[in-house]
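User: Can you walk me through a structure? Plain sentences are fine.

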Number of protein chains: 2
Amino acid sequence: MTIKELGGEFALIRRMMKHPASDPAVVKGIGDDCAAIRQADGTLLLVTTDMMVENDHFNTAWSTPARIGRKLVESNVSDIVAMGGVPKYAFLSMSITRETTVEFMDGFYAGLFAAAVRHGIFLLGGDTTHGTEYIFNLTLTGTVDEGGACFRSGARQGDLVCVTGTLGGSTAGLKLFLRGIKESGTDPSIRQCFLDHLEPWSRTVGEGRTIARFAHAMIDVSDGLAPEVTHICEESGTGALIELPSVPLSDATRAAGVILGLDPYDFALYGGEDFELVFTIDPLSLDALRAEFTDFTVVGEILHDREGIQVVKDGIRQPFARGYDHFA
Amino acid sequence: MTIKELGGEFALIRRMMKHPASDPAVVKGIGDDCAAIRQADGTLLLVTTDMMVENDHFNTAWSTPARIGRKLVESNVSDIVAMGGVPKYAFLSMSITRETTVEFMDGFYAGLFAAAVRHGIFLLGGDTTHGTEYIFNLTLTGTVDEGGACFRSGARQGDLVCVTGTLGGSTAGLKLFLRGIKESGTDPSIRQCFLDHLEPWSRTVGEGRTIARFAHAMIDVSDGLAPEVTHICEESGTGALIELPSVPLSDATRAAGVILGLDPYDFALYGGEDFELVFTIDPLSLDALRAEFTDFTVVGEILHDREGIQVVKDGIRQPFARGYDHFA
């Protein structure tokens with residue numbers, strides 16, 4: 001049976017979850033942005049890991065070594081930030097080729113360490129091996145006070161669903177590249193999409209911690225708004241309704257949609273790698289959050305489980321389509 | 001410049017070490033089997049990560065999915081055991097192909113979880129992606145009391161150099177496979193070499209902790225005795241002398257050497273993946289260790305730094321050749 005026939009990437013992960021960790025220190029195992037383990041001082045140790053594969057997550061023709069190194073760090077930091085945590089220590093495994101140059105690696109490290117410094121992270125170890133393509137894996141630890149941690153599982157009926165920044169830019173950039181449109185000398189109106197794809201920023205640690213003080217549930221946008229909201233609903237036992245016209249898109253993403261002849265809202269719903277934050281919050285807490293952080297948009301509401309997960313598109317409620325799946 | 005021209009894998013790692021972690025909690029960063037971080041309760045958090053690449057670390061024609069999953073766990077556990085630590089939590093990243101079957105993954109998980117149960121490890125998370133070849137990366141955490149930790153850097157002049165079990169079997173098995181000799185129906189005298197390659201066992205947590213109580217320095221054999229002794233000497237600021245005839249080889253490894261027409265001591269010195277332990281110990285502590293653990297052999301002595309690192313072969317002292325290097 002292929003993994004596609006099984007139901008794809010998440011079906012495979014669920015299969016692995018048949019072996020739950022029966023350890024009382026484990027607060028979250030498989031199934032959140034990070035694992036969370038209770039430590040002796042009452043804080044939680046957070047651990048996340050992300051693998052980037054050449055020609056899937058990055059492409060050496062479009063990107064630069066420094067951008068690849070930086071994206072590896074930012075994508076992992078985003079998982080820690082989405083728990084309300086503070087990143088600490090990183091471990092890099094990589095498979096590079098026998099033709100890889102020292103100049104490539106110096107560029108890669110420069111990007112990686114620049115992002116690490118930005119977030120206060122130290123690289124403490126790793127493994128270097130070789131293969132036929134570039135593979136970079138980063139494992140990142142972090143900490144969070146147990147009371148300050150924000151999981152996927154805390155959404156409550158009546159919560160508002162919010163997203164930070166704008167969505168879909170990274171996917172728009174990828175689709176422009178795939179269409180053969182180059183970053184250099186391009187139409188300035190779509191330029192930001194290339195940057196969103198090649199140089200995504202995680203939300204800062206401070207932003208994540210601020211939101212975590214008010215939010216009931218949080219997740220970062222790795223795979224698109226639709227699968228992320230689905231994860232929150234599945235873990236929280238709720239439904240949700242997303243108002244598509246409320247989903248924030250940048251002008252560049254809209255312009256890219258016109259050039260590509262594609263609906264830019266699909267980039268936001270089913271694309272990914274935006275590394276923005278999706279969170280749910282009691283409507284009564286909204287003003288208090290807004291007093292400290294304003295770069296977010298209300299895009300929907302948490303419903304009862306029986307209502308399912310729906311999106312209002314062209315005035316009609318419809319279920320989400322599937323998000324990106326590595327094996328679909 | 002190629003990485004080979006730079007000086008290979010370890011030259012690349014030294015280049016990365018130009019960015020040391022200036023964090024007071026970090027007891028060991030890059031440059032030991034695991035990173036070691038001081039925790040609030042006075043214990044050390046250990047973290048190691050190992051990447052296995054298809055056709056380099058394993059081959060689906062020779063091995064089975066279960067054996068691949070198991071080897072991934074055992075190779076990481078060995079790093080924790082070599083610090084005198086107790087493994088705890090694992091995080092699996094993998095790149096598999098669109099053609100990967102559910103049956104393959106079920107076999108892989110079966111081997112992985114069997115090894116995890118053996119060592120008391122819980123799998124708490126990971127990342128699943130796809131590429132053109134199989135890549136498996138495991139990050140493993142563990143703990144050790146600060147006083148009970150054994151690093152590479154503790155060797156002292158006059159210490160004896162010891163190794164557990166026998167060395168070279170894994171490399172003998174690999175070379176038999178590469179020569180086209182099959183595991184099934186093979187000469188029973190060399191059968192163990194195939195098992196050493198496909199199903200290596202880490203030393204147990206209890207064995208590692210026992211040795212760590214007496215040893216000054218310890219490392220596991222990932223890359224061969226010669227590079228491991230070199231790591232100990234470099235980190236400890238010492239030299240060493242290894243008596244080649246004392247290096248323990250199994251009968252199967254000797255038999256494989258005859259069949260292959262190769263010197264089996266080279267498998268032990270420059271092969272790798274034996275996952276045995278190399279440690280240095282004060283001669284006065286030897287009997288005390290022997291009262292609790294006996295499966296080890298004295299193979300040499302720690303010398304003053306100016307004596308260099310040498311091996312006595314055919315009655316002549318000579319410097320080590322280089323060990324395995326991914327970029328040599």
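Analyst: We can go from the whole of one chain to single residues.

User: What should I know before reading any numbers?

Analyst: This is a predicted model, in which local features need pLDDT of at least 70, side-chain atom pairs count only at pLDDT 80 or more, and totals for chains, interfaces and linings use all residues. Residues are numbered from 1 along each chain as its sequence is written, chains are lettered from A and ligands numbered from 1 in the order in which they are written, and side-chain values use heavy atoms, with hydrogens and water left out.

User: OK. How many helices and strands does chain A have?

Analyst: Chain A has 11 helices and 13 strands. Both are DSSP runs numbered from the N terminus: helices are H or I with at least four residues, and strands are E with at least two.

User: And what are its dimensions along the principal axes?

Analyst: The C-alpha trace of chain A spans about 55 × 55 × 50 Å along those axes. Its radius of gyration is 19 Å, which agrees with the value near 20 Å for a compact globule of 328 residues. That radius is taken over C-alpha atoms, and the globule rule is 2.2 Å times the number of residues to the power 0.38.

User: What share of chain A is buried?

Analyst: Of the 328 residues in chain A, 62% are buried. Buried means under 20% relative accessible area, exposed means over 50%, and partly exposed is in between (1.4 Å probe, protein chains only).

User: What about contacts in chain A?

Analyst: Among contacts in chain A with a separation of 6 or more, 81% join residues 24 or more positions apart. A contact means heavy atoms within 4.5 Å.

User: Changing topic: how many positive and negative side chains are there in chain A?

Analyst: Chain A has 27 positive and 45 negative side chains, and the centres of the two sets are 2 Å apart. Lys and Arg count as positive and Asp and Glu as negative, while His and the chain ends are not counted. Each charge is placed at NZ of Lys, CZ of Arg, CG of Asp or CD of Glu.

User: Let's pick a helix. Is helix 5 of chain A mostly covered or uncovered?

Analyst: Helix 5, residues 169-178 of chain A, is mostly covered, with 7 of its 10 residues buried. Among them are G169(A), L176(A) and F177(A).

User: What do those buried residues pack against?

Analyst: The buried residues of helix 5 pack against helix 6 (191-198), helix 9 (251-260) and helix 10 (264-270) of chain A. Just after helix 5, G180(A) takes a positive phi of about 90°.

User: Which residue that is not a glycine has a positive phi of about 60°?

Analyst: That is E273(A). E273(A) is in the loop between helix 10 and strand 10 (277-281) of chain A, and its relative accessible area of 18% is why it counts as buried. Over in chain B, F275(B) has a positive phi near 55° and is not a glycine either. F275(B) is in the loop between helix 10 (264-270) and strand 10 (277-281) of chain B, and it counts as buried at 4% relative accessibility.

User: Last one: how many disulfides are there?

Analyst: The search of the whole structure finds 0 over all chains, a disulfide being a pair of cysteine sulfur atoms within 2.5 Å. For C150(B), the nearest cysteine sulfur is that of C162(B), 12 Å away. C150(B) is buried, at 1% relative accessibility.
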